[in-house]
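Me: Hi! Please help me get my bearings on this model before I head back to the bench.

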Amino acid sequence: MSAGGGPSSEDIRERAAEWVVRVHADSCTEADWLALEDWLSGSPARQAAFDAAEALWLELGAEAAAILPGLAPDEPPTAEIIAFRPRPRTARPTRRIAPWAVAAGLAAVGAGVGGYLALRAPTLVYQTPKGATRQIQLPDGTAIALNSGSKIQVRFDRSARRVRMGEAEASFDVTHDAKRPFLISAGDEQIRVVGTEFNVLRHGDSVTLTVRRGVVEVRNPAADEPMRIPAGFQLTHHDGDVVSEVRRVQPDDAFAWRQHRLICRDRTLGEIVDDLNRTFARPIRVKGEARALTFSGVLVVDSEDAVVRRLTQFLPVAATDTPAGPVLTARD
């Protein structure tokens, strides 16, 4: 304790080290992440101690869980601080080894990574036509599912794995690599991860990020601080806005497109049709007051004719087929 009765800087550093070990464990839960956010909230000293402890974790790699608790609290880290808090894929070893041995091991790993990067591919472009989806496996093991009518660019370099999203929707299951974060540019937002699972929709001037596992950091050039979005939450942002909307959701809803489903929770017909038109080559149009009709339920997204027929069964609308596509209007 400090002379004033509060926790000393050494106490804070020790507690920060305990938090780093806790949230990097396979057993880490959403409740652990929320408790960490509470502990960090409003305390620059705690945030600085946590970032320093995590930087040391990233430097030590797989042996961090064994070494970090035993190091002197004022031992400075040398690794670049990465603000994202990933959940690792594999269990950490429990044996203790000397820090110099870890450093030697990291040097050997670094040489191997350099050889891999020397052979890395140039920027790759992946895209899907309307009505088709695609499964992508990146060289690092990251899995990407690309929705209908989507286009992304992927490039690996020495410092990061980079994705640029055009008009697209994709779900990502990112392989853990603490030395090279996974960066996604979508509009004016940058999404930074190390290893987690999430879905990103870039449509028009908006970005919707839904996190199913882990925590994702989102940086907006108009905001002072990055935001950390934990599992079970969704961020919606419009280009140019300083404030983004973050709310608790059922994350599986955002991934339903992978099973050709559209889950609707009190959504207007106008919003539903906007989503459907990212799949169908012929756009569905909604006229007049029919746009404001609301629907909750699950739509199977197969053929356009079948989907339109279901909409006329679920809602008081009529469908008229035209050369340009079906038109929905309210029934009397």
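Me: Which element gives the largest share of the lining of the largest pocket?

Reply: In this predicted model, strand E15 does, with six residues. A pocket is an open set of 1 Å grid points with protein on both sides within 12 Å along at least five of seven lines, and lining residues have an atom within 4 Å of a point. Strands are DSSP runs of at least two residues, helices at least four.

Me: How much space lies in it?

Reply: The largest pocket holds about 1,100 Å³, counted as the space filled by probe spheres (1.4 Å) set on the points. It is lined by 39 residues, and closest to its centre are Leu201, Leu262, Arg267, Asp275 and Arg278. Elements giving two or more residues to that lining include E9 (197-203), E10 (206-213), E15 (261-268) and helix H6 (269-276).

Me: What's the chemistry of the lining, nonpolar, polar or charged?

Reply: A mix: 16 polar, 12 charged and 11 nonpolar residues. Gly counts as polar there, and Pro as nonpolar.

Me: Switching topic, what's the mean pLDDT?

Reply: The chain averages 80, and 76% of its residues reach 70 or more; pLDDT is the predictor's confidence, from 0 to 100. Among the elements, helix H5 (residues 99-118) has the lowest mean, 40, and strand E16 (residues 285-286) the highest, 97.

Me: Where does it stay under 50?

Reply: Over residues 72-121, for which the model has 103 contacts (heavy atoms within 4.5 Å) beyond four places in sequence.

Me: Any small print?

Reply: Numbering starts from 1 along each chain as its sequence is written, and side-chain values use heavy atoms, leaving out hydrogens and water. Local features need pLDDT of at least 70 and side-chain atom pairs 80 or more, while totals for chains, interfaces and linings use all residues.
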